[in-house]
Amino acid sequence: NENKAEYIDLVLNWRFKQSVHDQMEAIKEGFFGFVSRDCIQVFDENELELLLSGVSSVDVDDWLRNTEYKDGYLAKSKPVVYFWEVVREFDDECRSRLLQFCTGTARVPPEGFKGLRGSQGPQKFCIQKTTLKADALPRAHTCFNRLELPEYKTKQQLKDKLTLAIFNCAGFAVE
């Protein structure tokens, strides 16, 4: 147990950096062969993905049909109803950013939302009730396509918190 943290750091470093170093260098060399480093430095990883992939059209009805609810939320729960109303009001860029916030990618799979995959294979989008207070931001677990949604009291509160989260998320960290 005395060197567990060091061991985890070394394994993560190997899996995410060293084991793919040569492949990443080849990708970077090819990419920077046609795009200047100076041109992309102003973008974060989310903006860069949207620029490279484009904004896809998000079919809200398909998304809704392929959604599960957990820990007390149902399709008719007030915060869930507010969520889908807000998603319908969003333009495609906001929907893509929301999708990116919740799943890690701004694109809908070719087969629609039924094709979403998580870290363990096929994984539907999930809205989960959380114990966070109603003034907290929603949280996402991208490996599981899951959105933890506090019990917001109004649609406007949900929209404000959700918008703040999707436009200001900082990526992910290993805990």
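Analyst: A polar contact is a pair of N or O atoms within 3.5 Å; within protein, one must be able to donate a hydrogen and the other to accept it, and residues adjacent in sequence count only if both atoms are side-chain atoms. What you're looking at is a predicted model, in which local features need pLDDT of at least 70 and side-chain atom pairs count only at pLDDT 80 or more, while totals for chains, interfaces and linings use all residues. Residues are numbered from 1 along each chain as its sequence is written, and side-chain values use heavy atoms, with hydrogens and water left out.

User: OK, the big picture. How many helices and strands does the chain have?

Analyst: Helices (H or I, at least four residues) and strands (E, at least two) are DSSP runs, numbered from the N terminus. Read from that end, the order is α-α-α-α-α-β-α-α-β-β-β-β-β-α. The tally is eight helices and six strands.

User: And what share of the residues counts as buried?

Analyst: Buried means under 20% relative accessible area, exposed over 50%, and partly exposed in between (1.4 Å probe, protein chains only). The C-alpha atoms fill a box of roughly 50 × 45 × 30 Å along the principal axes. Of the chain's 175 residues, the buried share is 33%.

User: What fraction of the contacts with a separation of 6 or more joins residues 24 or more positions apart?

Analyst: Contact means heavy atoms within 4.5 Å. Take the contacts in the chain with a separation of 6 or more, and the part from residues 24 or more positions apart is 63%.

User: Let's zoom in on T103. Which backbone oxygens lie by its side chain?

Analyst: T103 sits in helix 7 and counts as buried because its relative accessibility is 10%. A polar atom of its side chain is 2.7 Å from one backbone oxygen, that of L99. Another backbone oxygen is 3.1 Å from a polar atom of that side chain, and it belongs to T105.

User: T103 touches N145. Is N145 buried or exposed?

Analyst: Apart from residues up to four places away in sequence, T103 touches L116, T142 and N145. N145 is in the loop between strand 5 (139–141) and strand 6 (146–149), and its phi is near 50°, a positive value in a residue other than glycine. Since its relative accessibility is 0%, N145 is buried.

User: D71 has a positive phi too. Is D71 buried or exposed?

Analyst: D71 isn't a glycine, yet its phi is about 55°. You'll find D71 in the loop between strand 1 and helix 6. Its relative accessible area is 52%, so D71 is exposed.

User: Which residues does T67 contact, leaving aside neighbours within four places in sequence?

Analyst: T67 belongs to strand 1 (residues 67–70), and at 9% relative accessibility it is buried. A polar atom of its side chain is 2.5 Å from the backbone oxygen of W63. With those sequence neighbours set aside, its contacts are W84, F125 and I127.

User: How far apart in space are V42 and Q123?

Analyst: V42 is in the loop between helix 3 (37–40) and helix 4 (45–53), and it's exposed because its relative accessibility is 65%. In sequence, V42 and Q123 are 81 residues apart. C-alpha to C-alpha, their separation in space is 33 Å.

User: Now helix packing. Are helix 6 and helix 8 parallel, antiparallel, perpendicular or oblique?

Analyst: Axes are lines fitted to C-alpha atoms, for helices over the stretch in contact, and angles run from 0 to 180 degrees between N-to-C directions. Under 35 degrees counts as roughly parallel, over 145 as roughly antiparallel, 65 to 115 as roughly perpendicular and the rest as oblique. Helix 6 (residues 78–89) and helix 8 (residues 155–168) pack at about 60°, with axes 9 Å apart. That's why this pair is oblique.

User: How do the residues in the contact of helix 6 with helix 8 divide?

Analyst: Ala, Val, Leu, Ile, Met, Phe, Trp, Tyr, Cys and Pro count as nonpolar, Asp, Glu, Lys and Arg as charged, and the others, Gly among them, as polar. Helix 6 brings P79, Y82, F83, E85, V86 and E89, while helix 8 brings K155, L158, K159 and L162. The split is six nonpolar, no polar and four charged.

User: And what is the packing angle of helix 7 with helix 8?

Analyst: Here E93, C94, R97, L98 and F101 of helix 7 meet L162, A165, I166 and F167 of helix 8. Those residues divide into seven nonpolar, no polar and two charged. The two helices are roughly perpendicular. Helix 7 spans residues 92–103, the axes are 9 Å apart, and the angle is about 75°.
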